[in-house]
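Okay, my turn. Let's pull up the model and talk side-chain contacts.

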Amino acid sequence: MDRALAASRNHREAERRRRERIKSHLDRLRSILACDPKTDKASLLAKVVERMKDLKQRTEEIADTQFFPTETDEIVVLPSSAAISGQRSAFEASLCCEDRSDLLPELIETLRSLHLKTLRAEIATLGGRVRNVLILAKDEEAYEDADDDDDDDSGGAFLRDALKALVDRSLPAERCKRRRLVDRNPS
């Protein structure tokens, strides 16, 4: 009889601690979501699910616009919003490769030779790798002179090829990392 009574007390005590733990978790959720302390459990859980969906979507958007360098060489050239609106040929180019001291001067020279003007540049380096994200537009004079070349330049193949050549110049013979060329033309 004493054993059954002791087991019953232990069970009640364990159950009380479990309810307190659940209550403290629910209170913490209410404070995180800035809910009324009187919000019932079902409504609170519904708000938590909605918040988690929102956070998941935001995380996916951040992952889609990854700015940090990756371990693989990557070249992406997309038409920019200025090109879509028809103002002049503009591109968003992303170049990810190993960092080296002559990379920026060579990149600048390559863009000059293509008669491209840099409207915006973002550069990130991490662990010997670099990612350059550039918004580029044709120089005014070059844009006016190139009336027949618009069909060839609209996809940015000339820019992609030039950036690929720039990355290829930096490849030592013993390098074993996989290279990848990404082409995301919304055609």
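I'll go through the aromatic rings, the salt bridges and then the cysteines.

Quick caveats: this is a predicted model, so local features need pLDDT of at least 70 and side-chain atom pairs count only at pLDDT 80 or more, while totals for chains, interfaces and linings use all residues. Residues are numbered from 1 along each chain as its sequence is written, and side-chain values use heavy atoms, with hydrogens and water left out.

Rings, then. Searching the whole structure turns up one aromatic pair (ring centres of Phe, Tyr or the six-membered ring of Trp within 6.5 Å; planes under 30 degrees apart are stacked, over 60 edge-to-face, the rest tilted). The pair is F91 with F158, centres 5.6 Å apart and planes at 75°, so edge-to-face. F91 sits in strand β2 and F158 in helix α7, so the pair ties together parts 67 residues apart in sequence (helices, H or I of at least four residues, and strands, E of at least two, are DSSP runs numbered from the N terminus).

On to charges: the count is 15 salt bridges, meaning a Lys or Arg side-chain nitrogen within 4 Å of an Asp or Glu carboxyl oxygen. One of them joins E13 and R16 at 2.2 Å between the closest N and O atoms. Those two are three residues apart in helix α1, about one helical turn. E13, R16, R17 and E20 are linked in a network of salt bridges.

And how many disulfides? Zero, with the rule being cysteine sulfurs within 2.5 Å. For C96, the closest cysteine sulfur is in C97, 6.8 Å away, so too far for a bond.
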